[in-house]
Amino acid sequence: MMSSAGCAHFYCHECWEGYISAAISGGPGCLSLRCPDPSCGSMVLQGMVNKLAKDEDKEKYARFLLRAYVEGSKKTKWCPAPDCTCAVEFLGDENYDVLCNCKFSFCWNCTEEAHRPVNCETVSKWILKNSAESENMNWILANSKPCPKCKRPIEKNQGCMHMTCTPPCKFEFCWLCLDAWSDHGERTGGFYACNRYESAKKEGVYDETEARRERAKNSLERYMHYYERWASNQTSRQKAQADLRKAEKEQLAKLTDIFGIPETQLKFIIEAWSQIIECRRVLKWTYAYGYYLDDKVKSEFFEYLQGEAESGLERLHQCAEKDLQAFLPSSKPDSNETMTPSVAEFGDFRVKLAGLTSVTRNYFENLVRALEAGLEDVRAAGQAGATSSAATSSKKGGTKSKKKQHPKPSSDHTDDSWSCECCTYLNLPSVDACSVCEKSRY
């Protein structure tokens, strides 16, 4: 039987099969395969490939075609998760976070893992900082000094000020003043002090060097503060993901056996773990946000919001992780606990966990919106509050006008104080609008 690519050149199926197989073996270029006749420009389309090629070649051709479609479209991208072969289509809205079928959530714009509330530029800087040599250099500056002779950095790991450089240099010098050790002795203060250094320091000889070392040390300490908490939340998130899988595979079935409750009515546990995972991700990235936040006014309020977020998330995490264990069979073989909690007690736990999930979700959604807006309401509310305070004071005789400062959470509030639904700031009972975001109380 003879076939053609829609042109006047006909070839037998065996020839077509070999021709198509050779082209597919050559890679994605087979997508632009044309008629074997050199003078003909007719395209060999997928229908003809499916009709004449081997099954193995058909699969390869389909993969090439899919890859070409995904990589050539502005609305589709490959999932960046390891070992995932799925492509994701972006339907388009203001939120760039997308979720693949493999459960990996990533940013459509930069293809890094989902990172709200920080923008892609901040994520890029933070990842680069975590992997760059800059922090190694800061550590070297803060914890070592260059050998006066060969200039290699040397770490001081003993109390004595007598330093000996590593071979082949072997130069002996004083850690404090960096002069040759042969010039030292009892007259310069012995092994554990150096009068020459102290006198030179008073004269300002070492001021700039020490200042540079101190700046490097402070910079390193500040970075480590944020990085450790960023990494800790990432670890907690990974543990929560493992706990979610365990709940789905094991715990729901056990609770159904114990209390006779269908698994469909136990989804509040899955929802709690899913919320914990999402909140850990948000909280993790708030530390990158805080590291690059250089506005003191905003930083103070940001740290308060972040602290409240951590506190609320810990309550939810503890309830899902520890309180749930009271309703599951003990994994300890020597456990003497024979009392099984009642269905009513499990119902109370359900109300508690579902309530914490809802409250935590609302708080974190408000937190993300506030941080994405750059905490602009903080400064605007402070300025508006100052004007309002002055106007109110002028109406009351015998009162002095005070300039309104940036609001701080108060610990000496009365029981009538109310918390703003939008930003959670604790307001005095006498005001009907939030002092921070100006949201109405009622």
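Start by selecting Gln251, which sits in helix 7. Is Gln251 buried or exposed? Its relative accessibility is 8%, so Gln251 counts as buried. Show what surrounds it: setting aside neighbours within four places in sequence, Gln251 touches Lys246, Leu324, Gln325 and Leu328. Keep in mind as you click around that this is a predicted model.

**Colour by confidence**

Switch to pLDDT colouring. The chain averages 80, and 77% of the residues score at least 70. Helix 8 (residues 267–291) has the highest confidence, with a mean of 94, while helix 11 (residues 376–395) has the lowest, at 51. Now select residues 384–414: pLDDT is below 50 over this stretch, which has 24 contacts in the model beyond near neighbours in sequence. Go easy on that part, because predicted coordinates should not be read in detail where pLDDT is low.

**Into the core**

Next, pick Leu255, Ile269, Phe346, Leu353 and Phe364. These have the most contacts inside the largest nonpolar core, which has 52 residues. Which helices each supply at least two residues of this core? They are helix 4 (120–131), helix 7 (207–259), helix 8, helix 9 (296–321) and helix 10 (343–372). Helix 8 gives the largest share, 15 residues.

Zoom in on Phe364. Leaving out neighbours within four places in sequence, you'll find Phe364 in contact with Cys279, Val282, Leu283, Ala309 and Leu313. A separate core of 14 residues lies apart from the big one, and its members include Val44, Met48, Ala53 and Phe64.

**Two sides of helix 1**

Select residues 13–25, which make up helix 1. At 1.5 Å a residue, its 13 residues should span 18 Å, and the end C-alpha atoms are indeed 18 Å apart. Now highlight Trp16, Ile20, Ser21, Ala23 and Ile24, which are buried. They cover an arc of only 165° around the axis, so they lie on the same side of helix 1. Spin to the other side and you'll meet Glu14, Ala22 and Ser25, which are exposed.

What do the buried residues of helix 1 pack against? Look for strand 1 (2–3), strand 2 (11–12), helix 2 (46–52) and helix 3 (55–72). Following helix 1 comes Gly27, with a positive phi near 115°.

**Cysteines without a bridge**

Jump to Cys165 and Cys169. A disulfide is a covalent bond between the sulfur atoms of two cysteines. How many disulfides are there here? The count is 0. For Cys165, the nearest cysteine sulfur is that of Cys150, 3.5 Å away; the cut-off for a disulfide is 2.5 Å, so this pair doesn't qualify. Cys165 is buried, with a relative accessible area of 3%. Cys169 is in no disulfide either, with the sulfur of Cys165 its nearest at 3.8 Å. Cys169 is buried too, at 17%.

**Backbone oddities**

Most residues other than glycine have a negative phi, and most peptide bonds are trans. Here are some exceptions to hunt down:

- Arg116 to Pro117: this peptide bond is cis, with omega near 15°. Pro117 is in the loop between strand 6 (105–107) and helix 4.
- Pro167 to Pro168: this bond is cis, with omega near 5°. Pro168 lies in the loop between strand 9 (162–164) and strand 10 (172–174).
- Asp83: its phi is positive, near 70°. Find Asp83 in the loop between strand 3 (76–78) and strand 4 (87–89), where it is exposed at 83% relative accessible area.
- Lys151: its phi is also positive, near 70°. Lys151 sits in the loop between strand 7 (144–146) and strand 8 (153–155).

Note on methods
Residues numbered from 1 in each chain as written. Predicted model: local features only at pLDDT ≥ 70, side-chain atom pairs only at ≥ 80, totals over all residues. Heavy atoms only, no water. pLDDT = per-residue confidence, 0-100. Helix = DSSP H or I, 4+ residues; strand = E, 2+ residues; numbered from the N terminus. Contact = heavy atoms within 4.5 Å. Buried < 20%, exposed > 50% of the residue type's maximum accessible area, 1.4 Å probe, protein only. Core = buried A, V, L, I, M, F, W, Y, C linked by side-chain atoms within 4.5 Å. Expected span 1.5 Å × (residues − 1). Arc of directions from axis to C-beta.
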